[in-house]
Amino acid sequence: MRANRFWQIAYPMAVYYLMYHFLHILFLVITGGRLGSLECLTLASAITLVVMVVCYRKLPITRAISEKRTIAQVLQWTGAILLTVAVGILLNILISNTPLADLSVGYQEANSTLFSGGLLIKIVGNALLIPMLEEVVYRGIVCGQLLQWYGQWKAVFFSAFLFGIMHFNVVQFLYGFVMGLALGYIYVRYRRLWIPMVAHGLVNFVVILVTAAF
């Protein structure tokens with residue numbers, strides 16, 4: 001990858017990562033424990049999302065041509081979303097029934113943050129703001145630019161790999177990589193960022209409801 005292409009991805013990724021985690025820690029310190037970790041993470045994701053959307057809109061990424069929607073298109077989009085949600089739920093079931101989940105300290109720490117707090121904040125954070133932020137970054141900024149330079153499959157593969165590895169534990173790497181492949185595919189297939197956003201959010205929403213029920 002040429003240097004200028006590298007920085008077009010590395011710079012927004014660095015801004016995203018540092019801003020997201022700095023704000024999370026900052027809100028924890030400022031509130032002195034009055035807000036939980038997930039509440040602070042949700043606030044951090046909301047602010048970071050605004051910055052990343054501005055960045056995404058400035059990038060020379062191929063976007064879908066505006067056209068009148070047809071019933072066939074809507075059915076295709078709905079089918080793609082539901083299939084991706086099914087993949088995500090299946091992955092969650094598989095992971096929860098393997099010893100990897102119990103052996104990974106990083107995975108347990110991540111879960112303790114993401115599943116802390118009440119049902120409402122879990123939905124707002126895990127099923128709305130965080131999926132939107134991650135899709136703007138990994139599918140929009142990363143995959144969208146790689147798609148311009150290297151074609152569909154390389155763009156999907158490398159953005160999925162980066163999505164997985166940025167979770168910093170083996171369990172979430174495997175889950176993130178496979179989900180990244182599915183989300184990346186429907187992004188490059190339809191060139192509409194809202195489609196993987198909805199799919200990502202729905203997967204997390206279902207997991208939240210199932211976890212709350214049991």
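Which helix holds Gln145? Gln145 is found in helix 6, and the legends below, all for a predicted model, will come back to that helix.

**Figure 1. The whole chain, an array of helices.** The protein chain has 9 helices and 0 strands, so the order of elements from the N terminus on reads α-α-α-α-α-α-α-α-α. The C-alpha trace spans about 45 × 35 × 35 Å along its principal axes. For 214 residues, a compact globule would have a radius of gyration near 17 Å, and the chain agrees with this at 17 Å. Of the 214 residues, 44% count as buried. Take the contacts between residues at least 6 apart in sequence: 75% of them join residues at least 24 apart.**Figure 2. Close-up of Gln145 in helix 6.** Gln145 sits in helix 6 and is buried, with a relative accessible area of 2%. Leaving aside residues up to four places away in sequence, Gln145 touches Gln8, Ile9, Leu59, Ile61 and Gly140.

**Figure 3. The largest nonpolar core, viewed around Tyr16.** This core has 33 residues, and Tyr16 and Val136 are the ones that touch the most other members. At least two core residues come from each of helix 1 (3-31), helix 2 (37-58), helix 6 (119-150), helix 7 (152-165) and helix 8 (170-190). Helix 6 gives the most, with 11 residues. If you follow Tyr16 outwards, you meet Thr48, Met52, Leu133, Glu134, Val137 and Tyr138, again not counting residues up to four places away in sequence. Apart from this core lies another one, of 17 residues, which includes Trp77, Ile81, Ile186 and Ile195.

**Figure 4. Trp77 and Trp194, an aromatic pair between helices.** The structure holds 12 aromatic pairs, and this view shows one of them. The ring centres of Trp77 and Trp194 are 5.5 Å apart and their planes stand at 85 degrees, so the pair is edge-to-face. Trp77 belongs to helix 3 (residues 71-96) and Trp194 to helix 9 (residues 194-213), so the pair ties together parts that are 117 residues apart in sequence. How accessible is each partner, Trp77 and Trp194? Trp77 counts as buried, at 4% relative accessibility, whereas Trp194 is partly exposed, with a relative accessible area of 34%.

**Figure 5. A cluster of phenylalanines.** Phe157 and Phe158 make an edge-to-face aromatic pair, with 5.3 Å from centre to centre and 85 degrees between the planes. Both rings belong to one aromatic cluster, formed by Phe157, Phe158, Phe161, Phe173 and Phe177. Phe157 counts as partly exposed at 39% relative accessibility. Phe158 also counts as partly exposed, and its relative accessibility is 46%.

**Figure 6. Arg139, with a salt bridge and a ring.** Which residue forms a salt bridge with Arg139? The partner is Glu135, and the closest N and O atoms of the two are 2.8 Å apart. The count for the structure comes to 1 salt bridge. Glu135 and Arg139 are 4 residues apart in helix 6, which means that about one helical turn separates them. Both ends of this salt bridge, Glu135 and Arg139, are buried. Arg139 has a ring beside its acidic partner in this view: Arg139 lies over the face of Phe163, at 4.4 Å from the ring centre.

**Figure 7. Arg5 over a tyrosine ring.** Here an arginine again meets an aromatic face. Arg5 lies over the face of Tyr150, at 5.5 Å from the ring centre.

**Figure 8. Gly32 in a loop.** To finish, a view of a residue outside the helices: Gly32 lies in the loop between helix 1 and helix 2. Is Gly32 buried or exposed? Gly32 is exposed, with a relative accessible area of 60%. For a sense of distance, the C-alpha atoms of Gly32 and Asn204 are separated by 28 Å, and the two residues are 172 apart along the chain.

Notes. Residues numbered from 1 in each chain as written. Predicted model: local features only at pLDDT ≥ 70, side-chain atom pairs only at ≥ 80, totals over all residues. Heavy atoms only, no water. Core = buried A, V, L, I, M, F, W, Y, C linked by side-chain atoms within 4.5 Å. Buried < 20%, exposed > 50% of the residue type's maximum accessible area, 1.4 Å probe, protein only. Contact = heavy atoms within 4.5 Å. Phe/Tyr/Trp six-rings, centres within 6.5 Å; stacked < 30°, edge-to-face > 60°. Lys NZ or Arg CZ within 6 Å of the ring centre and 35° of its normal. Salt bridge = Lys/Arg side-chain N within 4 Å of Asp/Glu carboxyl O. Rg over C-alpha atoms; globule rule 2.2 N^0.38 Å.
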